[in-house]
Amino acid sequence: METLSRSEEQIMVALWDCGRAATRREIAAKLPPECRWADTTLLNFLLRLEKKSFVRTEKQGNKNLYTPLVRRLTYCGAVSEAHLQTLYGGDLRAFVRALADTNRIGYADIERLLRWLGEYQAANPEYDYE
């Protein structure tokens, strides 16, 4: 799967957060403050996303509606796996260790992660936990 630029990712997050097909204005309203671009800039990013097959554009009256073609979970999983391979050689422990050692996650986060892993393992007993 093709990776997106940071700006393209911000737009996709805003579109996913809309929960349905959305207009440019609705997408713009969901963007974080640091991504308040001119209308033409946002439209250019949306055109790029359409060319990359991440969104579909439909005309509705005098407005365009943008529909995500890639699910958030699908994109996040693919990008996360690629970063894990590239930066940590696929070692998830090294990734978590880097977050912990640089104070990007705290003990409460680690406890929640451990609890979730236990619940996930219990719910998926057929999974290979090697």
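**Close-up 1. Arg56 and its salt bridge to Glu58.** In this predicted model, Arg56 has a relative accessibility of 39%, so it counts as partly exposed. Glu58 falls in that class too, at 36%. The two side chains meet in a salt bridge, with N and O 3.1 Å apart. Both residues turn up again as contacts of Thr67 in the view of that residue below.

**Close-up 2. The β1–β2 hairpin.** Here strand β1 (residues 55–60) runs antiparallel to strand β2 (residues 63–68), and 6 bridges hold the pairing. If you want a spot to get your bearings, take Thr57: its bridge partner in β2 is Tyr66. Just 2 residues sit between the strands, and Gly61 in this hairpin takes a positive phi near 65 degrees.

**Close-up 3. Thr67, tucked away in β2.** Thr67 belongs to strand β2. Its relative accessibility is 15%, and since buried means under 20%, Thr67 makes the cut. Look past the neighbours within four places in sequence and you find Thr67 in contact with Leu15, Ala21, Phe54, Val55, Arg56 and Glu58. Of these, Arg56 and Glu58 are the salt-bridged pair from the opening view.

**Close-up 4. Inside the largest nonpolar core.** This core has 21 residues, and the ones touching the most other members are Ile11, Met12, Ile27, Leu46, Leu49, Phe54 and Tyr75. Helices α1 (6–18), α3 (39–51) and α4 (72–88) are the elements that give two or more residues each. Helix α1 puts in the largest share, with 6 residues. As a general backdrop, nonpolar side chains in soluble globular proteins tend to be buried together.

**Close-up 5. Tyr75 and its company.** Tyr75 is one of those well-connected core members. Setting aside residues up to four places away in sequence, Tyr75 touches Met1, Glu2, Thr3, Leu4, Glu9, Trp16, Phe54 and Val70. Phe54 is worth a second look: it is also on the list of core residues that touch the most other members, and it is in contact with Thr67 as well.

**Close-up 6. Arg72 and Asp17, a link between two helices.** The model's salt bridge count comes to 9. One of them joins Arg72 to Asp17, with the closest N and O atoms 2.8 Å apart. Arg72 lies in helix α4 and Asp17 in helix α1, so the pair ties together parts that are 55 residues apart in sequence. Neither end is hidden away: Arg72 is partly exposed, with a relative accessible area of 35%, and Asp17 is partly exposed at 39%.

**Close-up 7. Arg112 and Asp109 within helix α6.** This salt bridge stays inside one helix: both residues lie in α6, 3 residues apart, or about one turn. The N to O distance is 2.5 Å. Arg112 is partly exposed at 46% relative accessibility, and Asp109 is partly exposed at 34%. Elsewhere, salt bridges with shared partners join Glu2, Glu8, Arg48 and Lys52 into one network.

**Close-up 8. A nonpolar patch on the surface.** Leu113, Leu114, Trp116, Leu117 and Tyr120 make up a nonpolar surface patch of about 480 Å². Tyr120 is found in helix α6 (residues 107–123), the helix that also holds Arg112 and Asp109. With a relative accessible area of 37%, Tyr120 is partly exposed; that clears the bar for patch residues, which need over 30%.

Notes
Residues are numbered from 1 along each chain as its sequence is written. This is a predicted model: local features need pLDDT of at least 70, side-chain atom pairs count only at pLDDT 80 or more; totals for chains, interfaces and linings use all residues. Side-chain values use heavy atoms; hydrogens and water are left out. Two strands pair if DSSP finds at least two bridges between them. Helices (H or I, at least four residues) and strands (E, at least two) are DSSP runs, numbered from the N terminus. Patches are made of residues with over 30% relative accessible area and no salt bridge: like charges are joined within 9 Å, nonpolar side chains (Val, Leu, Ile, Met, Phe, Trp, Tyr) within 5 Å. Accessible areas come from the Shrake-Rupley method with a 1.4 Å probe; for residues, only the protein chains shown count as cover. A salt bridge is a side-chain nitrogen of Lys or Arg within 4 Å of a carboxyl oxygen of Asp or Glu. Buried means under 20% relative accessible area, exposed over 50%, partly exposed in between (1.4 Å probe, protein chains only). A nonpolar core is a set of buried Ala, Val, Leu, Ile, Met, Phe, Trp, Tyr and Cys residues joined through side-chain atoms within 4.5 Å. Contact means heavy atoms within 4.5 Å.
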